[in-house]
Amino acid sequence: MNTIKVIFTGAAQTGKTALLKRYINNETVSTYKMTIGMDIFSKRINKMNTNFTFQFVEIAGRRQFDFMRKGQYRGASIVGLVVDVSRRETLQRAREIFVSEILPWIQNSLNKNKKVILILNKIDLDQREISKNDILRFINYMSQLIGNKVSYFEASALNNIGIEELFEHITNIVNTN
Ligand SMILES: Nc1nc2c(ncn2[C@@H]2O[C@H](COP(=O)(O)OP(=O)(O)OP(=O)(O)O)[C@@H](O)[C@H]2O)c(=O)[nH]1
Ligand SMILES: [Mg+2]
């Protein structure tokens, strides 16, 4: 069987669980329940007459689980890096995670087809602490280090905005591998 491993990472409370539950079960996560360590969500998808199992692994954002983070990347093809538009510190945390985890994951892998997706979540909120310019700068920064492996999506797990496009993109990546 073809299993594709996709990591969802980013600061605590950026909406990783909410995005995945929206996509997998069309479930709304309205109260925060922290993920403990990590969580796995699976979905079977048929592409080009082949069955794929997408294994989405969420790495919890809370600092108390930092000791568990690094090992999760083994065997992953795609990383979704989630940022909360209403909290600037989540962009800073994304940059840290990029440098300390995503960059080594890409540099140490023999397979060159790794992809990184920056996901700006909670775009339903009017309170914005992250601008388009901040995002562009961060994408440029990542692209200088890993080339054209970076794509960018905006979403609201709460209001179901951009979810289909995001996961369509993720599940289509296998077509080009
Ligand atoms: N307004 C708004 N709130 C959201 C959205 N997505 C998630 N939330 C809320 O943000 C909080 C955190 O969501 P989670 O999905 O649990 O966050 P997480 O990234 O999984 O957090 P950890 O598991 O601790 O790393 C919850 O209260 C959600 O209801 C969104 O798109 N818009
Ligand atoms: Mg979570």
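In this predicted model, helix α1 supplies the largest share of the shell around ligand 1, namely three residues. The whole shell comprises 23 residues. Gly15, Thr17, Ala18, Thr35 and Gly61 are the closest of them. By class, ten residues of the shell are polar, nine are nonpolar and four are charged.

The chain that holds these residues contains four helices and six strands. Their order along the sequence is β-α-β-β-β-α-β-α-β-α. The radius of gyration is 15 Å, close to the 16 Å expected from the globule rule for 177 residues, so the chain is as compact as a globular protein of that length. Along the principal axes, the C-alpha atoms fill a box of roughly 45 × 35 × 30 Å. Buried residues make up 34% of the 177. Contacts were also sorted by sequence separation. Among those with a separation of 6 or more, 73% link residues 24 or more positions apart.

Strand pairing was examined next. Strands β1 and β3 are parallel and share seven bridges. Within this pair, isoleucine 4 has phenylalanine 54 of β3 as its bridge partner. Strand β3 also pairs with β2, here in the antiparallel sense, through ten bridges. Lysine 47 lies opposite threonine 50 of β3. Two residues separate the strands in the hairpin of β2 and β3.

Backbone angles in this hairpin stand out against a general trend. Most residues other than glycine have a negative phi. Methionine 48, in the hairpin, takes a positive phi near 50°. Asparagine 49 has a positive phi too, of about 60°, although it is not a glycine. Asparagine 49 sits in the loop between β2 (38-47) and β3 (50-59). How exposed or buried is asparagine 49? It has 5 C-beta neighbours inside 10 Å and therefore counts as exposed, the limit for that class being 12 or fewer.

Glutamine 13 is a further non-glycine residue with a positive phi, of about 65°. Its place is the loop between β1 and α1. Glutamine 13 has 17 C-beta neighbours inside 10 Å, so this residue counts as partly exposed. The count falls between the limits of 12 or fewer for exposed and 20 or more for buried.

Helix α4 spans residues 163-172. Which residues of α4 are buried? They are Ile163, Leu166, Phe167 and Ile170. These four cover an arc of only 85° around the axis, and therefore lie on the same side of α4. The other side of the helix carries the exposed residues Glu164, Glu165, Glu168 and Asn172.

What covers the buried residues of α4? The cover includes four strands and a helix: β1 (2-10), β4 (76-84), β5 (115-121), β6 (150-154) and α1 (16-25). Two of these elements recur elsewhere in the model. Helix α1 gives three residues to the shell of ligand 1. Strand β1 pairs with β3 in the parallel sense.

Methods. Residues are numbered from 1 along each chain as its sequence is written. Chains are lettered from A and ligands numbered from 1 in the order in which they are written. This is a predicted model: local features need pLDDT of at least 70, side-chain atom pairs count only at pLDDT 80 or more; totals for chains, interfaces and linings use all residues. The radius of gyration is taken over C-alpha atoms; the globule rule is 2.2 Å times the number of residues to the power 0.38. Two residues are in contact if their C-beta atoms, placed from the backbone, lie within 7 Å. The arc is that of the directions from the helix axis to the C-beta atoms. A residue is near a molecule or strand if its C-beta atom, placed from the backbone, lies within 6 Å of it. Ala, Val, Leu, Ile, Met, Phe, Trp, Tyr, Cys and Pro count as nonpolar, Asp, Glu, Lys and Arg as charged, and the others, Gly among them, as polar. Two strands pair if DSSP finds at least two bridges between them.
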